Amino acid sequence: MEIRALGMSAAEFLSQYWGKAPLLVRGAFESDALASVSPDELAGLAVEQDVVSRLVFNEPPDSPSQWRVEFGPFEGSEFARLPESNWTLLVQEVDRHVAGVSDLMTPFRFLPNWRFDDVMVSFAVAGGGVGAHIDRYDVFLVQGSGKRLWQIGESPVHTPDLVEHDELQLLREFEPAFSWEVGPGDLIYLPPGFAHSGVALTESLAYSVGFRMPSVRDILVEYAEDYAAAIDRERLLRLSVDGPTEAPGLIDAGTLDAVRSIIRAIAYDEAAIDDWYCRHISVGSRRMPEFDAAEEGPIGAEDVVAHLQAGARLVRTRPTSFVYLPVADDRAALYVEGVRYDLESLIFARLLTGTEALSAERLEPFLNSAANVRVLAELVANAHLELQR
Ligand code: SIN
Ligand code: CO
């Protein structure tokens, strides 16, 4: 099946481009998706406490020592004082804060939910750019408004030679192989490791739909931390001293055995590891302190059914945060933003985590189970689903 935004089938894209080669698609997106955020709304987000944002100034002359970064949250008045050219405002996880932005992810939903990271939005004035750099992730750059010139290297850089800079990881040398001027609706796919540099030719707003690859070090450290956090601090490795020793420097076999069993126990329980990973990966990589509570407060299970029957639908607030794991007897564990919900059926899990709209009609077959309805009400209460009338 052809993915319009890519101008080819998902299978062809995956075999030819994903992780391998940059791609430019002209006119990939229609104008309504592109207008999801305005520059003013973006500035409005950058003053919020729970939003990650930064301003990059690349003041001429364009030498990296002239580059400066300021981190948000910003004061509203700071935006009024900005120069006319050569700066970029970048805001992370805009898909969490602005409804409609996650629609930009829709064409790419042939990729697993857990691979999605966030939609970052950047607004640059003429001359603004964050410099030549590499990212470790796959990204779709969607031009929202204005024009930007993207220059992209020939092949992935494995050991980048970086300029000394406290906040920016700029490449000392950059030889572009592609030079693409993009306008509204144009899309560039960039695999990990390809050097790139974008410069705004006019005021320019761009969306970056970013993907992640979990770091092995993070998996190990975070699993071990979570595992250890559940162990009582008072639990000690109590070993008896069975008699006087003539070799006080010797660490005996019994002690080593006991230590080995403690460490082996971390990796012993496969179900616990799977559960941990699903919980972990269903949380955004930047781990916001808490998800927003539902505006409407707790909602009863009967109310959810009543609303659905009256024609409401349920909308996933962040569709790619929904993942599931099959468990015994065709049941499923659903995970959303670190919370686990036990489901009676795999089909229900597929529906909730998939791309289909959650209309009353589509949910109907599942509403005769009180347990299912309870899960829907909990998802609404936790703001993972929103009732839309
Ligand atoms: C930008 O949108 O200005 C920067 C995006 C990137 O290069 O990753
Ligand atoms: Co980049």
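Q: What stands opposite Leu187 of strand 11 in this predicted model, and what makes strand 3 and strand 11 a pair?
A: Val25 stands opposite Leu187 in strand 11. Two strands are called paired if at least two bridges are found between them, and 3 bridges join strand 3 (residues 23-25) to strand 11, so the condition is met and the two count as an antiparallel pair.

Q: How do you know that strand 8 also pairs with strand 11?
A: Strand 8 (residues 139-145) shares 4 bridges with strand 11 in the antiparallel sense, and since at least two are needed, the pairing holds. Within strand 8, Val142 is the residue that stands opposite Leu187.

Q: Why are both faces of strand 11 called covered?
A: In a regular strand the side chains alternate between the two faces of the sheet. In strand 11 (residues 187-190), Leu187 and Tyr189 are on one side, while Ile188 and Leu190 are on the other, and all are buried, a word that stands for under 20% relative accessible area.

Q: Why is the largest cavity said to lie between domain 2 and domain 3?
A: Domain 2 (216-236 + 252-283) and domain 3 (301-388) both give residues to its lining, so the cavity lies between them. Among the lining residues are Ile281, Ser282, Val283, Arg318, Thr320 and Ser321.

Q: What makes up the lining of the largest cavity by class, and how much space lies in this cavity?
A: The lining has 3 nonpolar, 5 polar and 2 charged residues, with Gly284, one of the lining residues, counted as polar because Gly belongs to that class. About 30 Å³ of space lies in the largest cavity, and the count of cavities of 30 Å³ or more comes to 1.

Note on methods: Residues are numbered from 1 along each chain as its sequence is written. Chains are lettered from A and ligands numbered from 1 in the order in which they are written. This is a predicted model: local features need pLDDT of at least 70, side-chain atom pairs count only at pLDDT 80 or more; totals for chains, interfaces and linings use all residues. Side-chain values use heavy atoms; hydrogens and water are left out. On a 1 Å grid over the protein atoms alone, a cavity is a set of points where a 1.4 Å probe fits but cannot get out, and a pocket is an open set with protein on both sides within 12 Å along at least five of seven lines; lining residues have an atom within 4 Å of a point. Grid points are joined across faces, edges and corners, and a volume is the space filled by probe spheres set on the points. Domain bounds come from an automatic or database domain assignment. Buried means under 20% relative accessible area, exposed over 50%, partly exposed in between (1.4 Å probe, protein chains only).
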